[in-house]
Amino acid sequence: MNNVSLVGTVARKPELSQTRGGTAACVVTLGVDRPHSRDKTDWIRCQSYGKTAEWIAKWMDRGDRLGISGCLCCDEWTDRQGQRQHMWYVLVDRAEFVERKQPQTAYQGPDGVEYEEV
């Protein structure tokens with residue numbers, strides 16, 4: 001059985017592109033904390049396609065918390081120097097919003113009330 005479920009922090013703005021066939025494709029990197037270790041974070045590449053890819057690219061941004069489920073995959077190729085290379089990633093079947101990044105700046109509105117930037 002090859003099932004992966006992760007909740008992590010989006011490392012940078014998701015990258016949306018299209019396959020040669022015109023299907024939406026999105027790559028997002030999640031920072032996932034290791035269990036029982038506060039100072040260890042694993043950075044995991046996640047790839048999605050179709051409506052899921054479009055949704056991630058439209059609604060997720062750096063610092064947001066994202067939950068995903070899918071399967072673990074590995075691409076292999078030979079580079080220009082003849083070395084065998086591997087890239088592990090999660091092929092996303094399902095994604096869901098967990099939490100929006102906390103705003104880091106505040107401003108005072110015309111009514112004198114302090115607001116956080118969204």
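**Strand β3 and the surroundings of Asp 64**

Nine bridges join β3 to strand β4 (residues 41-49), and the two run antiparallel; strands here are DSSP runs of E with at least two residues, helices are runs of H or I with at least four, and both are numbered from the N terminus, while two strands pair if DSSP finds at least two bridges between them. The model is predicted, with local features needing pLDDT of at least 70 and side-chain atom pairs counting only at pLDDT 80 or more, whereas totals for chains, interfaces and linings use all residues. Residues are numbered from 1 along each chain as its sequence is written, and side-chain values use heavy atoms, leaving out hydrogens and water.

Within the pairing of β3 and β4, Thr 29 has Arg 45 of β4 as its bridge partner. Strand β2 (residues 15-18) is joined to β3 by four bridges, again antiparallel, with Leu 16 partnered by Cys 26 of β3. Five residues lie between the strands of this hairpin, where Gly 22 takes a positive phi near 95°. Strand β1 (residues 4-10) runs antiparallel to β3 through two bridges, and Val 10 is partnered by Leu 30 of β3. Nine of the ten residues of β3 (residues 24-33) are buried (under 20% relative accessible area, 1.4 Å probe, protein chains only), so the strand is largely enclosed by the rest of the structure.

Turning to the loop between α1 (50-59) and β5 (65-78), this is where Asp 64 lies. Asp 64 counts as buried because its relative accessibility is 2%. Leaving aside residues up to four places away in sequence, Asp 64 touches Gly 8, Thr 9, Val 10, Trp 59, Glu 99, Arg 100 and Lys 101, a contact meaning heavy atoms within 4.5 Å.

Methods: Buried means under 20% relative accessible area, exposed over 50%, partly exposed in between (1.4 Å probe, protein chains only).
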